[in-house]
Amino acid sequence: MPFWAGWPTRTRLILAVLAIDIAAVLASCGVIVLTARSAVQVEMAASLSTVEPLVADTIRSLRSPSPESVLHTLDLRFQSLRHVRVTILDAEGRRVGFGPSERGRVRMAPRWFVRLIAPEPRRHDLPIAVKAERIGTAAITTEPRDEIEEVWGYARSLALAGLVLNLAVLAALYLALGRILRPLGCLADGLTRLERHDDTAHLDPPASRELAVIAERFNRVAGALAEARGANGRLNRQLLTAQDDERARIALELHDEFGPCLFALEANAASVARLAAASGEIDRTRLAARAGDIGSIVGQVQTLNRGLLNRLRPHGLGEVPLTDCLDLLLRDFQRRHPDTAFEGVFEGLARGYGDIVDLTVFRCIQESSTNAVRHGGARRVRARAAEETDAAGATRLRLSVEDDGRGVGPGHRVGLGLSGMRERVEALGGRFALGQAALDDGPSGTVVRITLPIDPERDGDEASSSPAAPQPE
């Protein structure tokens with residue numbers, strides 16, 4: 001991980017801009033140095049080319065060109081030349097005058113800058129002749145310091161202006177990035193509030209279009225989380241209510257059904273005890289009648305117990321094929337509701353799909369059939385279940401329960417049964433849909449459609465249902 005990964009975004013952006021500025025400065029310095037070297041060389045060549053005509057013009061301009069006057073005049077005239085230094089020597093090689101004067105010159109360019117630009121010095125000796133007689137020599141030496149001083153002044157002014165401009169740009173960029181990135185801090189605060197289960201978290205849309213899209217998505221997510229938490233809260237309350245209702249129903253059934261049976265068993269047992277304790281011969285007829293009553297009551301208790309256990313946990317689920325359990329469920333509905341026709345089509349199902357999936361399928365058909373009879377007044381209920389494989393190779397279990405009842409009204413309120421089915425299906429990654437059915441003449445009734453994904457690598461399942469196991473009593 002780079003060492004700057006933990007730095008603030010604003011600092012990283014400013015450092016990136018600063019790095020670009022440094023690269024631009026280095027490139028500009030390179031261009032200035034190359035241009036200055038070329039300009040200095042051109043200026044020195046031009047100065048060298050002007051010295052010889054200047055000497056000839058000076059000699060011609062003198063009326064009485066004696067050697068001493070010519071040499072002194074040339075020495076004075078060459079003091080003001082740029083880019084070259086001219087030393088006048090007489091015929092014996094002695095210097096005439098004081099040579100190039102350096103007094104009054106202020107050198108501003110540093111030595112490293114001079115060494116970076118200045119070319120190799122060049123010297124040229126130009127003979128001075130009057131009337132075909134050589135009277136001296138002009139020693140010409142290139143001197144680029146004048147041009148370098150000009151370049152240094154220009155570069156220094158440019159660098160100072162660039163520095164001030166870049167500092168102003170960086171300051172403005174620092175302030176602008178602070179305003180631009182401020183919504184990200186608000187987003188982080190909003191996420192922290194969501195993490196703390198604060199469903200009122202909301203972001204005002206910033207001026208930036210991209211950040212406004214992020215804020216809009218955040219508000220949608222916050223709203224969806226609030227709805228999900230609200231739904232979970234309602235579901236938890238419904239589950240608690242359902243548990244209490246189920247316990248109340250079981251308690252009422254134990255009181256109303258098992259209580260009388262147990263009382264009758266107790267009464268018959270007491271009667272048998274009295275018959276056994278009576279003096280004389282035992283009345284076998286009455287004893288047999290009491291034994292028959294006890295057997296009848298025990299059978300009734302067994303039936304009630306089987307129904308209660310089947311309601312708490314479907315009998316045989318996971319032990320016999322799923323198809324047989326569903327058929328038995330519909331036959332039980334047919335027995336308890338003889339005025340309604342129940343039909344089941346369960347073809348191509350495996351023996352089982354795991355305890356959770358099997359129980360979900362069973363409960364959904366059970367709850368849908370109960371709603372069709374209790375709330376819809378249906379006269380016909382048809383349940384279908386089939387295993388399908390789509391083009392992508394994914395296996396799904398499709399389930400539907402249709403009835404010809406009153407259907408779902410516009411103001412229908414989703415009850416605990418439908419909510420429980422939906423939660424069961426969605427917890428398994430499936431889809432739940434409730435709509436109108438079309439069994440006979442036109443759309444009518446209700447249809448529940450459920451799709452459940454099936455794991456192709458489930459253990460202990462078969463491609464199709466095995467032969468039916470013996471039906472439990």
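A polar contact is a pair of N or O atoms within 3.5 Å; within protein, one must be able to donate a hydrogen and the other to accept it, and residues adjacent in sequence count only if both atoms are side-chain atoms. This is a predicted model, in which local features need pLDDT of at least 70, side-chain atom pairs count only at pLDDT 80 or more, and totals for chains, interfaces and linings use all residues. Residues are numbered from 1 along each chain as its sequence is written, and side-chain values use heavy atoms, leaving out hydrogens and water.

**Exercise 1.** Place Arg-363 in the fold, then decide whether Arg-363 is buried or exposed.

*Solution.*
- Step one: look in helix 8, residues 355-374, where Arg-363 lies. Helices here are DSSP runs of H or I with at least four residues, strands are E runs of at least two, and both are numbered from the N terminus.
- Step two: Arg-363 is buried because its relative accessible area is 15%. Buried means under 20%, exposed over 50%, and partly exposed in between, using a 1.4 Å probe and protein chains only.
- Step three: the side chain of Arg-363 makes a polar contact of 2.7 Å with that of Gln-366.

**Exercise 2.** Now find which residue's side chain makes a polar contact with that of Glu-387.

*Solution.*
- Step one: go to strand 5, residues 380-389, which holds Glu-387.
- Step two: Glu-387 counts as partly exposed, because its relative accessibility is 27%.
- Step three: the partner is Tyr-353, at 2.6 Å between the side chains.
- Step four: Gly-348 is 39 residues away along the chain, yet its C-alpha atom is 6.4 Å from that of Glu-387.
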